[in-house]
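Hi everyone, thanks for coming. Please have the viewer open in front of you, and stop me whenever a term goes by too fast.

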Amino acid sequence: DIKIDPDDPTKLVKAKTQAVFEVPKQAGNLMGALFGGTVSAITDIMTTALVWACEARTRRKIRVNVSTILDVEFISSAMVGDLVLIEIGVDKISKNVAFTYADYYSAGALGTEQGKKISKNEIMNNVGKILYRTRHQKLFIKNMELRAEMLPKSYRKLWKKIMNHKDLKVPSKL
C-alpha cells in the first residue's frame with residue numbers, strides 16, 4: 001500500500017506492506033530459534049524492495065542506496081517451523097535518506113504441510129506477540145541511479161515488476 005500526496009505526485013505520504021514466511025530449518029540456531037542475522041538480512045531485502053517501489057512510483061527512477069543503520073530489537077524469538085508475519089513500512093523518504101521499519105509478529109505454528117495453502121484470514125487470526133522490531137535507515141548515493149544490470153540476477157525479476165508498475169507490492173513470500 002503506497003500512498004502519494006495528491007497535490008504533489010513526487011511526495012510519499014506512507015508505504016506499508018506485509019509478508020509471511022515459515023522459519024526454515026536452515027535459518028535456525030542450535031536451539032531452533034531464528035538466527036538474528038537472518039532477521040537483519042530479511043529486513044534489508046524487504047525494506048529495500050519497498051523503498052524501490054516508492055522511488056519508482058514517486059520519482060520514476062530508483063537511486064542507489066546503502067544501509068547506514070540497521071537496528072534489531074530482540075523481544076522474543078521465532079522457532080523453526082513457526083509462521084512469522086512481517087509488517088514492512090517506509091516512514092519517510094527525504095532528499096538523502098529513507099527511514100524504514102520491519103516488525104515481526106508470531107503467526108504461530110499453523111503446520112504448513114508440503115503444498116498446503118494457509119489462508120490470509122487464518123494467519124491474521126493467529127497473529128500474536130511481537131518478536132523483533134527493526135529500524136532501517138538507507139542513505140541515497142548522490143547522482144547514482146540504480147539500473148537492472150547492477151543487481152544480482154535473483155533481484156532482477158522483482159526489479160522488472162517494480163519498474164513496470166504492474167505490481168508494486170513487495171513479494172508475499174521470501
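I'll walk through a buried lysine, some salt bridges, some aromatic rings and one loop residue.

First, some ground rules. What you see is a predicted model, where local features need pLDDT of at least 70, side-chain atom pairs count only at pLDDT 80 or more, and totals for chains, interfaces and linings use all residues. Residues are numbered from 1 along each chain as its sequence is written, and side-chain values use heavy atoms, with hydrogens and water left out.

Let's start with Lys 138. Where does Lys 138 sit? Look in strand S6, which covers residues 130-145. When I say helix or strand, I mean DSSP runs numbered from the N terminus: helices are H or I with at least four residues, and strands are E with at least two.

Is Lys 138 buried or exposed? Lys 138 is buried, because its relative accessible area is 3%. The cut-offs are these: buried is under 20% relative accessible area, exposed is over 50%, and partly exposed is in between, using a 1.4 Å probe and protein chains only.

So what surrounds this lysine? Setting aside neighbours within four places in sequence, Lys 138 is in contact with several residues, including Asn 65, Val 66, Ser 67, Asn 96 and Val 97. Contact here means heavy atoms within 4.5 Å.

Two partners deserve a closer look. The side chain of Lys 138 makes a polar contact of 3.0 Å with the side chain of Thr 48, and another polar contact, of 3.5 Å, joins Lys 138 to the side chain of Asp 44. A polar contact is a pair of N or O atoms within 3.5 Å; within protein, one must be able to donate a hydrogen and the other to accept it, and residues adjacent in sequence count only if both atoms are side-chain atoms.

Now, salt bridges. The term means a side-chain nitrogen of Lys or Arg within 4 Å of a carboxyl oxygen of Asp or Glu. How many salt bridges are there by this rule? The count is four.

One of them is that pair from a moment ago: Lys 138 and Asp 44 form a salt bridge at 3.5 Å, N to O. The pair links distant parts of the chain, with Lys 138 in strand S6 and Asp 44 in helix H1 (residues 36-58), 94 residues apart. Asp 44 counts as partly exposed, because its relative accessibility is 30%.

Next, please find Asp 103. Asp 103 is buried, with a relative accessible area of 6%. Which residues share a salt-bridge network with Asp 103? They are Arg 133 and Arg 135. The bridge between Arg 133 and Asp 103 is 3.9 Å, N to O, and that pair connects strand S6 with strand S5 across 30 residues of sequence. In the bridge between Asp 103 and Arg 135, the closest N and O atoms are 3.2 Å apart, and these two residues are 32 residues apart in the chain. Both arginines are partly exposed: Arg 133 has a relative accessible area of 29%, and Arg 135 has 34%.

On to the rings. A search of the whole structure finds two aromatic pairs. Rings of Phe, Tyr and Trp (its six-membered ring) pair if their centres lie within 6.5 Å; planes under 30 degrees apart count as stacked, over 60 as edge-to-face, and the rest as tilted.

Phe 74 and Tyr 132 have ring centres 5.8 Å apart and planes at 85 degrees, so they are edge-to-face. Phe 74 is in strand S3 (residues 63-74) and Tyr 132 is in strand S6, 58 residues apart. Phe 74 counts as exposed at 51% relative accessibility, while Tyr 132 counts as buried at 1%.

Tyr 104 and Tyr 132 are edge-to-face too, because their planes are at 85 degrees, with centres 5.7 Å apart. Tyr 104 lies in strand S5 (residues 97-106), so this pair ties together parts that are 28 residues apart in sequence. Tyr 104 is buried, at 0% relative accessibility. Put together, Phe 74, Tyr 104 and Tyr 132 form one aromatic cluster.

Last stop: Asp 82, in the loop between S3 and strand S4 (83-93). Asp 82 counts as buried, at 19% relative accessibility. Its C-alpha atom is 8.5 Å from that of Pro 24, though the two are 58 residues apart along the chain.

That's my tour, thanks for listening!
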